[in-house]
Amino acid sequence: MKNKLAKLLMLFCFICTSCASLEESEIRSAFLSADLAISCNHNRDAIEPLSRILNIDKNNEKALRLRGECYFREKQYELALRDFSSLVEVSRTSKNLLLKAYAEYELDFYNDAIKTCNESMLISDDDVEKFNLWNLLANSYVETKDYSSADRYYSLMLQASQAPVIYSERSLNFIYMKEYQKAKDDM
């Protein structure tokens, strides 16, 4: 009896190991397909293998991020937001929050984008990321007609970069604020 039980236990362990190996193999294969499609700018073709990965492991960070980015590039912002929201649940990083905020902005959820950007600002330590957050915040505040808040972020961007486009955007914001001399100075 002990011998049969030991054999059954070994068979069970072999089956479990084989299933795990098959899943790992499927995930590796699907990532190869997705990476190839993405490198060829075929975002639609990458979505299916990434979805297969997520059917196996719904919390796979890389698959959630890549599929969300593919949806975003395909202008399927609702699907991108769904993936980025799941990604934030799995891994609450400033980069993942920024991705979610971009999707919220594209869907005209400006107040949500502001909230998400502010949350990301609390944990971000990357200067480039912060600059992108300031830009998204400035644009979101303009869309919500909170021009004084937008001005604060334009000023932060100008401290980091003297790019003419920032002056141009801030001058439009000054026009909305009816501060025409400041708008003229920026132009």
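**Entry 1. Two lysines in loops**

I began with Lys 145, which is exposed, with a relative accessible area of 60%. The model I am reading is a predicted one. I placed Lys 145 in the loop between helix 7 and helix 8, the latter spanning 147-160. I then looked up the backbone and noted that phi of Lys 145 is near 65°, a positive value in a residue other than glycine.

I turned next to Lys 178, which sits in the loop between helix 9 and helix 10 (180-186). Lys 178 has a positive phi of about 65°, although it is not a glycine. I recorded a relative accessible area of 60% for Lys 178; exposed means over 50%, so Lys 178 counts as exposed.

**Entry 2. The chain as a whole**

I counted the secondary structure and found 10 helices and 0 strands in the protein chain. Read from the N terminus, the order of elements is α-α-α-α-α-α-α-α-α-α. The protein chain has 187 residues, of which 40% count as buried. I noted an accessible surface of about 11,500 Å² for the protein chain, with 55% of it belonging to carbon and sulfur atoms. For contacts with a separation of 6 or more, I found that 39% join residues 24 or more positions apart.

**Entry 3. Helix 2 with helix 3**

I then took up the helix pairs. Two packed helices are described by the angle between their axes and the distance between the axes. For helix 2 (residues 43-56) and helix 3 (residues 61-73), I recorded axes that come within 9 Å and cross at roughly 150°. An angle over 145 degrees counts as roughly antiparallel, and helix 2 and helix 3 are therefore roughly antiparallel to each other. Helix 2 passes helix 3 in a left-handed crossing.

I listed the residues that make this contact. Helix 2 contributes Asn 43, Ala 46, Ile 47, Leu 50, Ser 51, Ile 53 and Leu 54. Helix 3 contributes Ala 63, Leu 64, Leu 66, Arg 67, Cys 70, Tyr 71 and Arg 73. By class, the contact of helix 2 with helix 3 divides into 10 nonpolar, 2 polar and 2 charged residues.

I also looked up Arg 52, which lies in helix 2. Arg 52 is partly exposed, at a relative accessible area of 27%. Leaving aside neighbours within four places in sequence, I found Arg 52 in contact with Glu 26 and Ala 30. Glu 26 is 26 residues from Arg 52 along the chain, and the C-alpha atoms of the two are separated by 8.4 Å.

**Entry 4. Helix 5 with helix 6**

The axes of helix 5 and helix 6 (residues 110-123) come within 8 Å and cross at roughly 165°. That makes helix 5 roughly antiparallel to helix 6. I noted a left-handed crossing for helix 5 and helix 6. On the helix 5 side, the contact is made by Ser 94, Leu 97, Leu 98, Lys 100, Ala 101, Glu 104 and Tyr 105. On the helix 6 side, I listed Tyr 110, Asp 112, Ala 113, Thr 116, Cys 117, Glu 119, Ser 120 and Ile 123. The residues of the contact of helix 5 with helix 6 comprise 8 nonpolar, 3 polar and 4 charged.

I examined Ser 94 in its own right; its place is in helix 5 (residues 94-106). Ser 94 has a relative accessible area of 11% and is buried. Not counting residues up to four places away in sequence, Ser 94 touches Ser 120, Ile 123, Ser 124 and Glu 129.

**Entry 5. Helix 7 with helix 9**

Helix 7 (residues 127-143) and helix 9 (residues 164-176) pack at an angle of about 25°, and I recorded their axes as 11 Å apart. Angles under 35 degrees count as roughly parallel, and helix 7 and helix 9 are therefore roughly parallel to each other. Helix 7 passes helix 9 in a left-handed crossing. The contact is made by Phe 131, Asn 135, Asn 139 and Val 142 of helix 7, together with Ile 166, Glu 169, Asn 173 and Tyr 176 of helix 9. By class, I entered 4 nonpolar, 3 polar and 1 charged residues for the contact of helix 7 with helix 9.

I closed with Ser 171, found in helix 9. Ser 171 counts as buried, at 2% relative accessibility. Apart from neighbours within four places in sequence, Ser 171 is in contact with Ala 183, Asp 186 and Met 187.

How values were computed
Residues are numbered from 1 along each chain as its sequence is written. This is a predicted model: local features need pLDDT of at least 70, side-chain atom pairs count only at pLDDT 80 or more; totals for chains, interfaces and linings use all residues. Side-chain values use heavy atoms; hydrogens and water are left out. Axes are lines fitted to C-alpha atoms, for helices over the stretch in contact, and angles run from 0 to 180 degrees between N-to-C directions. Helices (H or I, at least four residues) and strands (E, at least two) are DSSP runs, numbered from the N terminus. Angles under 35 degrees count as roughly parallel, over 145 as roughly antiparallel, 65 to 115 as roughly perpendicular and the rest as oblique. A crossing is left-handed if the near helix is turned anticlockwise from the far one by less than a right angle, and right-handed if clockwise. Contact means heavy atoms within 4.5 Å. Ala, Val, Leu, Ile, Met, Phe, Trp, Tyr, Cys and Pro count as nonpolar, Asp, Glu, Lys and Arg as charged, and the others, Gly among them, as polar. Buried means under 20% relative accessible area, exposed over 50%, partly exposed in between (1.4 Å probe, protein chains only). Accessible areas come from the Shrake-Rupley method with a 1.4 Å probe; for residues, only the protein chains shown count as cover.
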